[in-house]
Amino acid sequence: MNKKSVTDIDVNNKKALVRVDFNVPLSSKDPAATNITVTDDTRITAAMPTLNYLLDRGGSLILMSHLGRPKTADDKQYAMDPVGRKLAEITGRKVTKLDDVLSDKVKAAAAALQPGEILLLENTRFDPREKKNDPDFSAQLAGLADIYVNDAFGSAHRPDASVDGVAYAARAQGKPAVAGFLMDKEITALGIAVENPPRPYVAIMGGAKISDKIKLIENLLEKADKILIGGGMANTFLKAQGHNLGKSLVEEEALPEAKRLLEMAADRLILPVDVVVAAEVSQDAPSEVELIWAISPDKMALDIGPATLERFNAELQGAQLVVWNGPMGVFETPKFATGTFQLAQTLAALVDHGATVIVGGGDSAAAVRKAGLTEKMTHVSTGGGASLELLEGRQLPGVVALDDK
Ligand code: ADP
Ligand code: MG
């Protein structure tokens, strides 16, 4: 990565303002609920290498993150208190959670901070200046600490004050603005696919819709040798080819785009030849395999079929790089998870043979986790939107803003 990270600067005994991604799932979204808890602490533990690195060197931490999508500071169900309690449990240290994002109280607490101590600011989205990327707000945030560290890869695509403006403000104050370990790992791993991909490079796309992923498909078509397409996304392509999709999810308004992409690269877009169909998305619904030119008018395509899996496996043999975004079916229902899970098995075997396999996208990461194969992949990105924007070939504001090496 061409950006500086915590290992490139002197962090000894420094106060560090760290943007983390503590946007964790909570036990309740009820504003009246008390004792809300964090139900999955993956994102908190993912930041621990950076936080421990700083603490072990006599550093102190001022942590900030957004949590959920609060409209105002009155949406108390998104207060950071449960995150603070979880962080105290994980670190075994006292965590002082503040009730403001920025105030005289926050400034006083930051000024009094001692080595090894941890402050947690209130949900950055409680302050309207966060989303406005307000320069004065950014400058005051940067003023709280000696260095700024961004370890929130999942937020790097958002030009918010705590991600973007604050980095420029820190630099204007003569302070380092650098990446944490998680950020560094993500950029390095996903960068392989964008910069000099090893070949053959096979991309796999799936998920529900193509409309939000057209840019991604276009960029992958430029970079990858082949794109295998499954999931609901494949339905729209199949329909564009003239097949009857029955009651399947098809994006009618995206048909012209699908046709255009097929004309551009029909030989490199590999579509399903068979699908698993059912009358409803239910574990109890009878299902069967149908060829794509014989889909029953009253059925929905909910997974790729065995012949498609075989075709995909054949295309993947010998691949040096695989980038996967989007499940092959409605994997949330076990009956329609076979295509997704078997594909994940194929990819795990490819990694064993030396290939690089990168998985991006929130649901895709969840599917690989459900298959128990996260550890087998070269890299499973923690950032949904951010990883997709990076793979689209876009620059992420939160990365651009950091110090160059
Ligand atoms: P990601 O979050 O990895 O980018 P998406 O959000 O694009 O992935 O798509 C995931 C969703 O697509 C899942 O909820 C899954 O149920 C749905 N999906 C996959 N295949 C189909 C299908 N054939 N019909 C309807 N929905 C599908
Ligand atoms: Mg998704």
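Helices (H or I, at least four residues) and strands (E, at least two) are DSSP runs, numbered from the N terminus. With that in hand, welcome to this predicted model, where local features need pLDDT of at least 70, side-chain atom pairs count only at pLDDT 80 or more, and totals for chains, interfaces and linings use all residues. Residues are numbered from 1 along each chain as its sequence is written, chains are lettered from A and ligands numbered from 1 in the order in which they are written, and side-chain values use heavy atoms, leaving out hydrogens and water.

Let us begin with the whole chain. The protein chain holds 15 helices and 15 strands. Its C-alpha atoms fill a box of roughly 70 × 50 × 35 Å along the principal axes. Of its 405 residues, 57% count as buried, where buried means under 20% relative accessible area (1.4 Å probe, protein chains only).

Now for a closer look at one residue, S282. This serine sits in a loop flanked by two strands, listed here.

| Strand beside the S282 loop | Residues |
|---|---|
| β10 | 274-278 |
| β11 | 287-291 |

S282 has a relative accessible area of 18%, so S282 is buried. Leaving aside residues up to four places away in sequence, S282 touches T333, K335 and F336; a contact means heavy atoms within 4.5 Å. In addition, a polar atom of the S282 side chain lies 3.0 Å from the backbone nitrogen of D284.

Conventions
Buried < 20%, exposed > 50% of the residue type's maximum accessible area, 1.4 Å probe, protein only. Polar contact = N/O pair within 3.5 Å; in protein donor to acceptor, adjacent residues only side chain to side chain.
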